[in-house]
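Hi,

Here is the structure I promised to pass on. Have a look at it first, and then read my notes underneath.

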Amino acid sequence: MSAAPLPPASVAVAIFAHQEERRIGLCLASLPLDRADTIFHVLVNGTTDATVERAKAAAGGRANIIVHDIVQGGKSRTWNHFVHHLLTGTEAAVIFMDGDAEIMSGSFDALVAHLAAHPHANAVAGMPMNGRMAQAYREGLRAEGGLFGDLYALSGRFVATIRRRGLRLPDDLIGDDGLVAAWAHTDLKDDSHWVHDRVRHCDDAGFLAEMVGLARPSTWTMQYKRLINYSVRFYQNRIVSDIMTREGPDGLPARLSSLYADWLPRWRPRPGLTGWFDRKALQRMRRAI
């Protein structure tokens, strides 16, 4: 991490990267790294490959790009670290994205402008632009007010409130986007305060995700692990929804695994192929107790 003074910035960007040596260069090449008002934080976490070195090479010595080498992995843990320890609290907007995504030209300008044009909004979603399900995903984001972790932005005002209240995602949460969307919809209260329009979508902001294909065996293992994580997230969301309904963000534990012993006896794998990944997920969750 550079110790040089940072230029003044009204926008901060968090780029989450875990074992992304293949994609981090493409990711950074897609970004508007010459934005004078923006600081880019490449949050390399729990990585054993060459992500750090390749990120630094892609940064090209620019003062507004900081590559953080964080020993502990976990996106939610890293999200907490970024929000509470790396931001100034004075940003007008904060953009969150994944280090394996490529961002469409003009997306950052569109996200920042969308937040400025809708001051009541806490969050705005970027849109998936490739893959056979992309259209369905875009329609879902519009209808449900969701966020994809690949690309979304939060208002600086909303992030400052999170920091002031000391709110953190559970460190072992799989997927920041669902809970952050719930925080944004409820304005950091319980679910009875849900307002759909506090999370908006921006059709002028989009990302390209790496596609899984039979012709690329390197993506098979990634997808297998991803499907187990999706199952863990399915069960974790039941805990999170219960807490958000009754107590709101203040009731969330530091780690969801502290509540697994109470919940695991109630859960069974779902039918069909999903059940295979559910069983793997439940085994992992038992080991975490």
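Below is what I found, going from the sheet to single residues and then to the surface.

One thing before you start: this is a predicted model, so please read everything here in that light.

**The sheet**

The sheet is an open one of 8 strands, and its order is E3-E2-E1-E4-E7-E6-E8-E5, with mixed pairing. At the edges are strand E3 (65-70) and strand E5 (102-103), each of which pairs on one side only. As you know, strands of a sheet pair through backbone hydrogen bonds, either parallel or antiparallel.

I went through the two pairings of E1. With E2, the sense is parallel and there are 7 bridges; if you want a landmark, look for Val11, which stands opposite Thr38 in E2. With strand E4 (residues 93-98), E1 also pairs in the parallel sense, over 6 bridges. The landmark there is Ala12, standing opposite Val94 in E4.

How many residues of strand E2 are buried? For E2 (residues 38-45), the count is 8 of 8. Both of its faces are covered: Thr38, Phe40, Val42 and Val44 are buried on one side, and Ile39, His41, Leu43 and Asn45 on the other.

**The loop after E1**

His18 sits in the loop between E1 and H1. Is His18 buried or exposed? Neither quite: because its relative accessibility is 42%, between the 20% and 50% limits, His18 counts as partly exposed. Not counting residues up to four places away in sequence, His18 touches Asn45, Gly46 and Thr47. A polar atom of the His18 side chain lies 2.9 Å from the backbone oxygen of Asn45. As for Gly46, its C-alpha is 6.3 Å from that of His18, although the two residues are 28 apart in sequence.

Gln19 lies in that loop too, between strand E1 (11-17) and helix H1 (24-29). What caught my eye is its phi, near 55°, a positive value in a residue other than glycine. Most residues other than glycine have a negative phi. Gln19 is partly exposed, at 34% relative accessible area.

**Around Leu188**

A positive phi turns up again at Leu188, near 65°. This residue is in the loop between helix H7 (176-186) and strand E8 (199-208). Leu188 is buried, with a relative accessible area of 3%.

Leu188 also leads to Ile162, in helix H6 (residues 156-165). The two are 26 residues apart in sequence, with 8.0 Å from C-alpha to C-alpha. Ile162 is buried, at a relative accessible area of 0%. Which residues is Ile162 in contact with, leaving aside neighbours within four places in sequence? They are Trp79, Val83, His84, Leu167, Trp183 and Leu188.

Thr186, in helix H7, is worth a stop as well. Thr186 is buried, with a relative accessible area of 0%. A polar atom of its side chain lies 2.9 Å from the backbone oxygen of Ala182, and the side chain also reaches the backbone oxygen of Trp183 at 3.4 Å. Apart from neighbours within four places in sequence, Thr186 is in contact with Asp191, His193, Trp194, Arg198 and Met244.

**Ser155 in E7**

Back in the sheet, have a look at Ser155 in strand E7 (residues 151-155). Ser155 counts as buried because its relative accessibility is 8%, which is under 20%. Its side chain reaches the backbone nitrogen of Phe158 at 3.0 Å. Setting aside neighbours within four places in sequence, the contacts of Ser155 are Ala92, Leu115, Ala121 and Asn122.

**On the surface**

Which residues form a nonpolar patch on the surface? Tyr224, Leu273 and Trp276 do, and together they have about 340 Å² of accessible area. Tyr224 is found in helix H8 (residues 218-246), and is partly exposed, with a relative accessible area of 35%.

If you only have a few minutes, I'd go to the two positive phi values, at Gln19 and Leu188, and then to the covered strand E2. Let me know what you make of them.

Cheers

Definitions and conventions: Residues numbered from 1 in each chain as written. Predicted model: local features only at pLDDT ≥ 70, side-chain atom pairs only at ≥ 80, totals over all residues. Heavy atoms only, no water. Patch = residues over 30% accessible without salt bridge, like charges linked within 9 Å, V, L, I, M, F, W, Y side chains within 5 Å. Areas by Shrake-Rupley, 256 points an atom, 1.4 Å probe, with all protein chains shown as cover. Salt bridge = Lys/Arg side-chain N within 4 Å of Asp/Glu carboxyl O. Helix = DSSP H or I, 4+ residues; strand = E, 2+ residues; numbered from the N terminus. Buried < 20%, exposed > 50% of the residue type's maximum accessible area, 1.4 Å probe, protein only. Contact = heavy atoms within 4.5 Å. Polar contact = N/O pair within 3.5 Å; in protein donor to acceptor, adjacent residues only side chain to side chain. Pairing = 2+ DSSP bridges.
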